[in-house]
Amino acid sequence: MKKILVFAGSNSKSSINKQLAIYAASHLNSVGIQLADLNDFPLPVYGVDDEQEEGIPSNAHLFYKLIEEVDGIILSLAEHNGSYTTVFKNLFDWISRINSKPWNNKPMLLMSTSSGSRGGQSVLDAAKSRFPYMGVKIVGTFSLPSFYDNFYDGKIIEEFLNNELLDEVKQFELAL
Ligand SMILES: Cc1cc2nc3c(=O)[nH]c(=O)nc-3n(C[C@H](O)[C@H](O)[C@H](O)COP(=O)(O)O)c2cc1C
């Protein structure tokens, strides 16, 4: 059975991006799901001196191992001030010290959502332009605007947005 990693670029316990990532994954058939929460991989703030003195922390290796073990990744990025959240960027920096292309050419469904009407489009654009240089095979993208208007009871309630997501999930499944 194919296995995928599902996570959000957020450390919020009630992360709306985690909810979206889980919803997207729920449409896959016969795929094993490894759900990760960045709170379970606490890491010091990346610094070159710390890396030289202390090495790469075990949680960075553990997260990197999760990537190695799966056939694909569903990631939904939270946006803070138009960019990656600190917790995600920090993880990204650490794992890039293990492998400069840490995502191992795994197919990825890359998403974002926010409470605002742009749905995290800025962070999604940043990732879309950078990830291909970091070993990501982006096979689908989706941004959900105004999360609290469009997502209710674990589902996207606006039909055209839901159909858009289902098309992207299908592309992702075909790429696994
Ligand atoms: C420090 C901070 C900065 C934020 N900056 C943005 C932003 O640039 N664009 C946006 O749409 N929402 C922004 N938000 C709102 C987030 O989209 C919202 O908190 C959302 O719940 C984050 O996703 P998460 O729940 O998955 O962590 C910001 C929130 C915080 C706390």
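1. The contacts of Ala24 open this note on a predicted model. Leaving aside residues up to four places away in sequence, Ala24 touches Ile74, Leu109, Met111, Leu165 and Val169. Ala24 itself belongs to helix 1. Its environment is buried, because 24 other C-beta atoms lie within 10 Å and the threshold for burial is 20 or more. By contrast with these contacts, Leu91 lies 67 residues from Ala24 in sequence and 23 Å from Ala24 in space, C-alpha to C-alpha.

2. Two of the residues touched by Ala24, Leu165 and Val169, are also among the buried residues of helix 7, together with Glu168, Phe172 and Glu173. Viewed down the axis of helix 7, the buried residues fall within an arc of 145 degrees, so they line one face of the helix. An α-helix has 3.6 residues a turn, so residues three or four places apart point the same way. The cover over the buried residues of helix 7 includes helix 1, strand 3 (72–77), strand 6 (106–113), strand 7 (136–144) and strand 9 (155–156).

3. The face of helix 7 turned away from the buried side carries the exposed residues Glu159, Phe160, Asn163, Asp167 and Leu174. The reader may wish to note that Phe160 and Leu174 are listed here as exposed, whereas Glu168 and Glu173 are listed as buried.

4. The length of helix 7 can be checked against its residue count. Helix 7 covers residues 159–175, and its 17 residues should span 24 Å at 1.5 Å a residue; the end C-alpha atoms are 25 Å apart, which agrees.

5. Glu164 is also a residue of helix 7. Is Glu164 buried, exposed or partly exposed? Glu164 counts as partly exposed, because 15 C-beta neighbours lie inside 10 Å, and the partly exposed class falls between the limit of 12 or fewer for exposed residues and that of 20 or more for buried ones. Ile138 is 26 residues away from Glu164 along the chain, and the C-alpha atoms of the two are separated by 16 Å.

6. Helix 5 (residues 121–130) has Val123, Leu124 and Ala127 as buried residues. Seen down the axis of helix 5, these residues fall within an arc of 100 degrees, so they line one face of the helix. They pack against strand 3, strand 4, strand 5 (83–84), strand 6 and strand 7. Strands 3, 6 and 7 also appear in the cover over the buried residues of helix 7.

7. Helix 3 (residues 58–69) has 12 residues and reaches 16 Å from its first C-alpha to its last, close to the 16 Å expected at 1.5 Å a residue. The buried residues of helix 3 are Ala60, Phe63 and Tyr64. Down the helix axis they fall within an arc of 100 degrees, so they line one face of helix 3. What covers them includes helix 4 (86–95). On the face turned away from the buried side are the exposed residues Ser58, Leu62, Lys65, Glu68 and Glu69.

8. Which residues surround the ligand most closely? Of the 16 residues that surround the ligand, the closest are Ser10, Asn17, Ala78, Ser114 and Gly116. Helix 1 (16–25) and strand 4 (79–80) each supply at least two residues of this shell. By residue class, the shell divides into 3 nonpolar, 11 polar and 2 charged residues.

9. Two loop residues deserve a check of their backbone. Ser30 has a positive phi of about 50 degrees although it is not a glycine; Ser30 sits in the loop between helix 1 and strand 2 (31–35). Asn81 likewise has a positive phi of about 50 degrees without being a glycine, and Asn81 lies in the loop between strand 4 and strand 5. Ser30 counts as exposed, with 7 C-beta neighbours inside 10 Å, and Asn81 counts as exposed with 9.

10. For the protein as a whole, the secondary structure comes to 7 helices and 9 strands. The radius of gyration is 16 Å, close to the 16 Å that the globule rule gives for 176 residues, so the protein is as compact as a globular protein of that length. Along the principal axes, the C-alpha atoms fill a box of roughly 55 × 35 × 25 Å. Buried residues make up 38% of the 176 residues. Among contacts between residues at least 6 apart in sequence, 77% join residues at least 24 apart.

Definitions and conventions
Residues numbered from 1 in each chain as written. Predicted model: local features only at pLDDT ≥ 70, side-chain atom pairs only at ≥ 80, totals over all residues. Near = placed C-beta within 6 Å. Helix = DSSP H or I, 4+ residues; strand = E, 2+ residues; numbered from the N terminus. Nonpolar A, V, L, I, M, F, W, Y, C, P; charged D, E, K, R; others polar. Rg over C-alpha atoms; globule rule 2.2 N^0.38 Å. Contact = placed C-beta atoms within 7 Å. Expected span 1.5 Å × (residues − 1). Arc of directions from axis to C-beta.
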